[in-house]
Amino acid sequence: MKKTYANFLVLLLALAAFAACGISETERHELTLQEKKRLWREDSAALKVAVMPTLDCLPAYVAQDRGWFDTLDVRLKVFTAQMDCDTAIQRGRVEGAFTDLVRAERMIQHGTPLRYASATNAYWQLITNRKARLTKLSQLDDKMLAMTRYSVTDLLGDLVVDSVKLKTERVFRIQVNDVYVRQKMLQAGIMDALFFTEPQATQGRLLKNPVLLDTRKLDMQMGAIVFSEKALEGKNRERQMQHFVKGYNRACDSLNRLGLHAYDDVIAQHYDISRAAIDSLPRKLNFLPAAQPRVKDIERARAWLKKK
């Protein structure tokens, strides 16, 4: 009995000592604040690039996942709507962004000086809801078309209307910015026609929805990576951008040599698409190393914006 009581006292003393060595709730809160401040400082120091769950951003995801970016130097910020990417760079929350030439030129016109770091291999397809039974562009009369205003999809909407001589007001353009919302609208049969880039285009084709337009057949290269000129004035930012480009180019080279299948794990992690869609992605995509957009594509974007 005495031995049991003695053991109990030892246990109580040990617990008391442990409690004395512990930290109070206030101290724990202070540590949490310190950790948040540390993470904030690291994030502020890093070069932040806005990306989307679209296939033109895959080299950035590959470089991040394979450790070809120094995370203290480069960090990816994921958005699901292109407008949010652009807002982030305009407000200084990121230094760079994947975008399209129409949106980039519009940002420049509205007072956000940008530097083109590269063109990308993004292409767009106009996919129609199979239940609507649209097989040619002229049938878009009195139909709903999902797009994003002042973007390449807006430009393409005008191109479609003009090419088949439809009245502009007879094609109802519905602004749907989020790529996943657009994808769900197609699956649910809510919209008649929608613009997609990859991999959402593949997901749409798998459901046997017709493709009425493909920008690859129009000799258009409208994807781009841009950086804020103002942000690049900061200390070390130029070096960090070069670090980003180096990792991006390494990923492009690896994707071109090994193919998409070699990075199915990265695609599965960063893209909310089915396994069947991953297996059906175009396997001969060429990922361009960093190179300036073509002058004729920039001029196409500027000419369209001037008309608007």
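**Figure 1. Buried residues of helix α5 in the predicted model.** Helix α5 spans residues 101-109, and its buried positions are L101, V102, R103, A104, E105 and M107. The elements that cover these buried residues include the helices α4 (82-90), α6 (152-163) and α12 (295-307). Strands also contribute to this cover, among them β3 (96-100), β4 (114-119) and β10 (223-228).

**Figure 2. The two ends of α5.** At the N-terminal end, D100 acts as the cap of α5. A side-chain oxygen of D100 lies 2.9 Å from the backbone nitrogen of V102, and V102 is itself one of the buried residues of the helix. After α5 comes G111, which has a positive phi, near 95 degrees.

**Figure 3. Burial of strand β10.** Strand β10 is largely enclosed by the rest of the structure, because six of its six residues are buried. In a regular strand, side chains point alternately to the two faces of the sheet. In β10, G223, I225 and F227 lie on one side, and A224, V226 and S228 lie on the other. Both faces are covered, with the residues on each side all buried.

**Figure 4. Strand partners of β10.** Strand β3 pairs with β10 in the antiparallel sense, over five bridges. Within this view, G96 has F227 of β10 as its bridge partner. Strand β4 is also antiparallel to β10 and is joined to it by five bridges. R115 stands opposite F227 in β10. F227 belongs to the side of β10 that also holds G223 and I225.

Conventions:
Residues are numbered from 1 along each chain as its sequence is written. This is a predicted model: local features need pLDDT of at least 70, side-chain atom pairs count only at pLDDT 80 or more; totals for chains, interfaces and linings use all residues. Side-chain values use heavy atoms; hydrogens and water are left out. Buried means under 20% relative accessible area, exposed over 50%, partly exposed in between (1.4 Å probe, protein chains only). Helices (H or I, at least four residues) and strands (E, at least two) are DSSP runs, numbered from the N terminus. Contact means heavy atoms within 4.5 Å. A polar contact is a pair of N or O atoms within 3.5 Å; within protein, one must be able to donate a hydrogen and the other to accept it, and residues adjacent in sequence count only if both atoms are side-chain atoms. Two strands pair if DSSP finds at least two bridges between them.
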